[in-house]
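Let's take a stroll through this structure together. Have the model open and turn it as you read.

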Amino acid sequence: MKRINDRYAKWCKLTDTKKIRSYFLSVLIIGLTAILCSPLANTQSYHVVSYILLFVVSIISTFLGIGPVLLASTLSAVLWNYYFIPPHFTFHIEKTEDLLIFGLFFIIALVNGILTTRVIRQEKVAREREKRTNALFQLTKELSRASGTDEVLKVAANEMVDHFPGVPAFFLQDGNNKLVRLWTRDESLSISGSFNTAMWVFANLQPAGAHTKNSFSDPLTYYPLLGTRLNPGVVAIHNSLPVPEEQQSYWDTFLAQISNALEREFLGEMAQKVRFLDESDRLYKTLFNSISHELRIPVATIMGASDSILNSSPSPRFQSELCHEIFTASLRLNRLIENLLNISRLESGHISVRLDWCDINDLINKVLEDLEAELQPFSLQVLIPEDMPLIKIDFGLMEQVLYNLLFNSTQYAPAGSAIDLTVAYTGKELKMDITDRGPGLPEKYIERVFSKFFRADGSKTGGLGLGLSIVKGFVEAHNGSVSASNVTPCGAKFTLRIPSEIPSISNV
Amino acid sequence: MDGNEVILIIDDELQIRRLLEITLSEKGYKIVMSLNGKEGITDAATHHPALVILDLGLPDMDGQEVLTKLREWYYKPIIVLSVRNSEEEIIKALDNGANDYLTKPFRTGELLARIRAAIRSSDHTGDDAILYFGSLSIDMASHVVRKNNEFIKLTSTEFSLLALLAKNSGRVLTHQYILKEVWGYGYIEQTQYLRVFIAQLRRKIEDNPSRPQLLVTESGIGYRFSE
């Protein structure tokens with residue numbers, strides 16, 4: 001608190017005691033000079049004394065105000081007359097020449113004193129102005145560098161403390177013109193402003209509290225932070241004295257800079273919120289469209305086909321074809337539901353991996369059996385090393401992973417092409433490559449194929465874009481990784497790596 | 001070989017009941033329907049069904065509880081037919097005495113096959129000296145296994161494993177159950193033994209060991225000896 005008080009003294013006008021002291025000082029200096037010059041009080045050299053006194057007065061004017069300087073010049077003229085101009089110890093001046101010199105002395109002392117004081121004062125003002133300009137420049141620079149409301153507030157508070165007395169507290173609005181938040185740099189310094197006063201200031205956009213027309217007997221002074229499009233809030237500061245007249249515009253500019261920076265952050269945050277809402281709105285629409293499409297197509301098939309069978313007594317061949325369509329549609333629906341359930345399991349974090357020893361042949365057989373119809377048109381090559389050890393995985397989850405990857409290949413690769421499934425155990429991990437001879441993955445999307453609901457542009461096959469994100473989720477649940485790449489001349493390749501121990505020989 | 005056995009269906013879903021009724025009565029089975037667990041237990045006692053098809057999500061009590069209550073006195077096959085597809089739930093049902101487990105949605109062909117297998121194996125007293133599965137014959141007394149009339153050399157553990165699965169043909173046996181029966185209680189967690197021996201057995205008895213038809217894997221649950 002002492003530091004702050006010191007700054008008060010500097011910042012405010014000189015106090016009354018200091019004024020009296022400076023008058024006293026000027027009298028003392030002139031008096032001392034006169035005493036020191038007393039040996040020269042003979043008839044020959046009293047003119048020299050006048051020069052000495054003039055010099056002293058001009059010295060005084062460099063560091064004392066106008067009042068003490070006037071006093072010094074008057075006093076020196078009087079003293080010179082009284083002690084040095086013959087006849088000594090009288091105000092009487094004998095020679096006309098001396099009278100003239102006395103008059104000139106008085107005028108020179110006055111003019112000299114006044115001019116010097118003015119120059120000094122102007123210099124001081126200029127220096128002060130430069131200091132303020134620098135402070136404002138510094139503030140602007142720091143504020144523009146700060147990003148985020150909190151950082152802006154921190155910078156603002158630091159700069160305010162450096163250039164003004166008192167620690168500020170900021171009341172901020174929530175974006176709907178309601179003050180909701182109190183921010184102080186140092187919470188231990190508990191400057192708890194009153195929300196009521198702050199709200200009044202925010203509503204009326206006028207300063208309030210101590211030293212204002214609307215004091216509300218609040219010890220703090222509240223200033224509105226005014227922006228061009230929205231007002232960020234209110235700043236409260238503890239001043240034992242009002243802001244001096246000549247500092248007012250400096251203070252206002254300071255606050256304006258802070259307001260602008262806060263406003264900038266506010267608008268930025270609001271824009272971001274809007275962007276986020278737009279994004280989630282877009283995602284919702286895409287999701288809604290694709291889910292309703294994906295659900296409706298098989299349902300439409302089932303409804304239409306069964307309706308034909310029921311109402312138009314089709315030929316047995318046609319009837320069996322319709323039944324086949326119904327069956328295919330129901331498989332598609334089932335797959336969709338399975339994927340939706342799996343993705344929500346992943347999303348909710350309800351995936352528990354039950355690791356158990358697994359014969360990889362067993363896993364692959366199981367998946368190939370489930371995909372028998374889909375794999376029919378392809379030539380599938382499975383490469384499993386003879387000495388493939390047992391590995392520890394969750395059978396059910398990995399079954400789904402492999403199913404989704406192979407199913408994916410059957411959807412994109414042309415009928416009759418080859419699909420390769422290669423398995424290896426190297427470096428304490430299971431590695432599986434699934435390579436097809438389809439069109440491959442669009443290069444610019446290759447990073448995104450595992451994201452939820454991602455569909456490549458112009459994707460001809462149905463689906464929600466969940467299959468590969470489920471693969472990624474399940475593989476990551478095993479602490480493994482999955483990557484996608486393209487192979488030459490054509491085709492996509494998915495590589496799974498799953499860390500796994502193998503049973504020690506003595507175990508079996 | 002579908003007969004006129006009575007099948008009890010305990011399920012509260014109208015559409016599933018309709019589907020089962022149409023499919024099963026077309027095959028000649030006589031159907032008894034129960035809409036909830038309590039009714040199901042009473043119906044099982046009064047109608048002496050040859051097989052029970054049980055749903056787990058019943059309005060009055062949990063299907064697992066119905067299963068436990070039925071198993072206190074009912075020794076005929078019970079097939080659980082449920083939308084619950086977690087491995088925990090399936091293993092629990094099998095431990096509680098279910099012979100088989102099918103998840104909804106299911107293929108009716110698959111269900112009929114499971115029903116046939118379950119009824120047939122329950123007809124057998126299990127004391128047959130020789131079991132025949134296609135070209136495979138298993139002589140329980142002399143421990144001789146033949147495929148296409150050719151003698152197949154099996155180790156004693158391999159034979160115990162095969163015999164256990166074959167005696168329970170059509171029925172899903174959990175990993176833990178098989179380990180306990182063949183290796184003993186202390187080995188219940190040692191699934192790697194089971195994997196290795198199943199792979200060895202498949203190489204010896206299957207036509208195509210990479211596409212097994214007899215020793216079928218039930219993902220994450222166990223194995224079934226299929227006929």
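How many bridges join strand β8 of chain B to β9(B)? There are three, and the two strands, of which β8 covers residues 144-147, run antiparallel. Keep in mind as you look that this is a predicted model. To see one facing pair, find B:Lys147, which stands opposite B:Glu150 in β9(B).

Now zoom out a little. These strands belong to an open sheet of four in chain B, ordered β6-β7-β8-β9 and paired in antiparallel fashion. At the edges stand β6 (130-133) and β9 (150-152) of chain B, and each has just a single partner strand, so one side of each is left without a neighbour in the sheet. If you look from strand to strand, neighbours in this sheet are turned by 25 degrees against each other on average, ignoring direction. As a bit of background, strands of a sheet pair through backbone hydrogen bonds, and they can do that either parallel or antiparallel.

Next, on to a couple of helices. Helix α6 of chain B (residues 156-167) packs with α8(B) at an angle of about 85 degrees, their axes 10 Å apart. With angles of 65 to 115 degrees counting as roughly perpendicular, that is therefore what we can call α6(B) and α8(B). On the α6(B) side the contact is made by B:Thr157, B:Glu158, B:Leu161 and B:Leu162, while α8(B) brings in B:Phe197, B:Gln200 and B:Leu201. Sorted by class, this contact has four nonpolar, two polar and one charged residues.

Stay with α8(B) for a moment. At 1.5 Å a residue, its 15 residues should span 21 Å, and the end C-alpha atoms of α8(B) are indeed 21 Å apart, so the two agree. Among the buried residues of α8(B) are B:Leu194, B:Phe197, B:Ile198, B:Leu201 and B:Ile205, along with B:Arg195 and B:Arg202.

The helix has a part in the meeting of the chains, too. In total, 14 residues of chain B are in contact with 17 residues of chain A. Helix α8 (residues 191-205) of chain B gives the most to chain B's side, with six residues. By class, that side has five nonpolar, six polar and three charged residues.

Let's finish in chain A. Helix α13 (residues 467-477) is mostly covered there, with nine of its 11 residues buried. Those buried residues include A:Leu468, A:Ile470 and A:Phe474. What do they pack against? Their partners in chain A are α9 (316-347), α12 (395-412), β11 (481-486) and β12 (492-499). Just after α13(A), A:Asn479 takes a positive phi of about 60 degrees.

Definitions and conventions
Residues numbered from 1 in each chain as written. Chains lettered and ligands numbered in written order. Predicted model: local features only at pLDDT ≥ 70, side-chain atom pairs only at ≥ 80, totals over all residues. Contact = placed C-beta atoms within 7 Å. Nonpolar A, V, L, I, M, F, W, Y, C, P; charged D, E, K, R; others polar. Pairing = 2+ DSSP bridges. Axes fitted to C-alpha atoms, helices over the stretch in contact; angles between N-to-C directions. Parallel < 35°, antiparallel > 145°, perpendicular 65-115°, else oblique. Expected span 1.5 Å × (residues − 1). Buried ≥ 20, exposed ≤ 12 C-beta atoms within 10 Å, placed from the backbone.
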